[in-house]
Amino acid sequence: MRKNIVAGNWKMNTTLQEGVKLAEEVNNALKEVKPNCDVIICVPFTHLASINNVISKGLGLGAENCADHKSGAYTGEVSAPMVASTGAKYVILGHSERRQYYGETAATLREKVALALENDLTPIFCIGEVLEEREADKHFDVVKSQIVDGLFNLSAEEFSKIILAYEPVWAIGTGKTATADQAEEMHAHIRNVIAEKYGQDVAQGTSILYGGSCKPSNAKELFAKPDVDGGLIGGASLKCADFMGIVNAF
Ligand code: PEP
């Protein structure tokens with residue numbers, strides 16, 4: 001059975017000291033509640049090793065990106081082996097902000113996914129359409145292409161290790177959430193796309209998270225949908241109480 005997951009994406013927020021404090025708060029809060037889902041925080045590279053030292057097994061740790069090369073003359077980049085060496089187990093790949101501002105293409109993402117898997121990092125692979133694509137009724141095709149081009153080079157065994165995050169770009173950081181029905185419609189489509197390529201077992205076993213202005217007030221309705229297996233949370237992951245409000249929606 002697929003897992004329910006709530007994952008935070010801190011983006012470029014918090015100093016190291018602030019980040020360690022927030023991670024400790026989330027870690028302590030989780031000990032109190034015993035969540036009905038897996039909980040992960042994805043944090044800036046600079047924070048990974050320190051945060052890994054202060055959290056317990058019940059809280060997963062991930063990076064927000066990794067390089068498309070293993071090592072070498074790529075000044076400023078952080079490789080998948082480096083991320084793994086901090087103790088992190090997850091990595092967000094293909095976030096729309098990286099596609100949009102840093103020119104990440106499907107070809108780059110295929111390299112990153114391969115390196116993440118080689119280093120035992122679970123990719124949280126993001127997909128999602130921009131507003132013009134939805135308005136032009138192209139959102140189903142756009143999301144399918146992102147999955148086909150970025151992931152369908154993988155074997156079924158490799159694909160089974162991927163977590164998907166559907167994040168309509170028009171809903172990220174805008175306060176405008178997809179309705180639960182819009183999310184469900186797209187998640188069901190994504191599961192069909194996976195089933196066509198890898199079969200029902202793999203499709204039914206894949207966790208598909210929703211991301212885009214998810215908050216304690218709307219998480220329950222979104223997570224109640226049969227194909228929504230949790231959330232990737234940006235803004236609301238930066239306050240322990242808000243993040244826990246979403247975790248507790250399960
Ligand atoms: C994100 O960037 O992954 C995200 C979902 O952001 P927010 O929750 O702030 O919309």
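The following chat goes through a predicted model, from its ligand site to its helices, loops and cysteines.

Biologist: Before we start, what sort of model is this, and how are residues numbered?

Modeller: This is a predicted model, in which local features need pLDDT of at least 70 and side-chain atom pairs count only at pLDDT 80 or more, while totals for chains, interfaces and linings use all residues. Residues are numbered from 1 along each chain as its sequence is written, and side-chain values use heavy atoms, with hydrogens and water left out.

Biologist: OK, the ligand then: how many residues surround it, and which are the closest?

Modeller: The ligand is surrounded by 14 residues, and the closest are K11, H95, E167, G173 and S213; a residue is near a molecule or strand if one of its heavy atoms lies within 4 Å of it.

Biologist: Which polar atom of E167 is an oxygen atom of the ligand 2.7 Å from?

Modeller: That is an N or O atom in the side chain of E167, whereas at G173 a polar backbone atom is 2.7 Å from an oxygen atom of the ligand. G235 also has a backbone N or O atom that lies 2.8 Å from an oxygen atom of the ligand. Taken alone, the ligand exposes 290 Å², and the protein buries 95% of that; accessible areas come from the Shrake-Rupley method with a 1.4 Å probe, and for residues only the protein chains shown count as cover.

Biologist: E129 touches E167, I see. Where is E129 found?

Modeller: E129 is found in the loop between strand 5 and helix 6 (131-135), where helices (H or I, at least four residues) and strands (E, at least two) are DSSP runs numbered from the N terminus.

Biologist: Is E129 buried or exposed?

Modeller: E129 has a relative accessible area of 0%, so it counts as buried; buried means under 20% relative accessible area, exposed over 50%, and partly exposed in between, with a 1.4 Å probe and protein chains only. Its contacts (heavy atoms within 4.5 Å), not counting residues up to four places away in sequence, include R134, H139, Y166, E167, W170 and M186. The side chains of E129 and W170 are joined by a polar contact of 2.9 Å. A polar contact is a pair of N or O atoms within 3.5 Å; within protein, one must be able to donate a hydrogen and the other to accept it, and residues adjacent in sequence count only if both atoms are side-chain atoms.

Biologist: Switching to N27, what does its side chain reach at 2.9 Å?

Modeller: The side chain of N27 reaches the backbone nitrogen of S56 at that distance. N27 is found in helix 1 and is buried, with a relative accessible area of 5%; leaving aside its neighbours within four places in sequence, N27 is in contact with V54, I55, S56 and L59.

Biologist: Next, helix 5: what does its buried side pack against?

Modeller: The buried residues of helix 5, among them T108, L109 and K112, pack against several elements, including helix 3 (80-85), strand 4 (90-93) and helix 7 (139-151). The 13 residues of helix 5 (residues 106-118) should span 18 Å at 1.5 Å a residue, and its end C-alpha atoms are 18 Å apart, which agrees; the expected span is 1.5 Å times one less than the number of residues. Helix 5 is followed by D120, whose phi is positive, near 60°.

Biologist: And how far does helix 9 reach?

Modeller: Helix 9 (residues 180-198) has 19 residues and reaches 26 Å from its first C-alpha to its last, close to the 27 Å expected at 1.5 Å a residue. Just after helix 9, G199 takes a positive phi of about 95°.

Biologist: What about phi at K34?

Modeller: K34 has a positive phi near 50° in a residue other than glycine, and K34 is found in the loop between helix 1 (16-33) and strand 2 (38-42). K34 is exposed, with a relative accessible area of 65%.

Biologist: Last one: how many disulfides are there, and why does C42 have no bond to C126?

Modeller: A search of the whole structure finds zero disulfides, a disulfide being a pair of cysteine sulfur atoms within 2.5 Å. The sulfur of C42 is 8.9 Å from the closest cysteine sulfur, in C126, which is too far for a bond. The sulfur of C66 has its closest cysteine sulfur in C42, at 12 Å, again too far for a bond.
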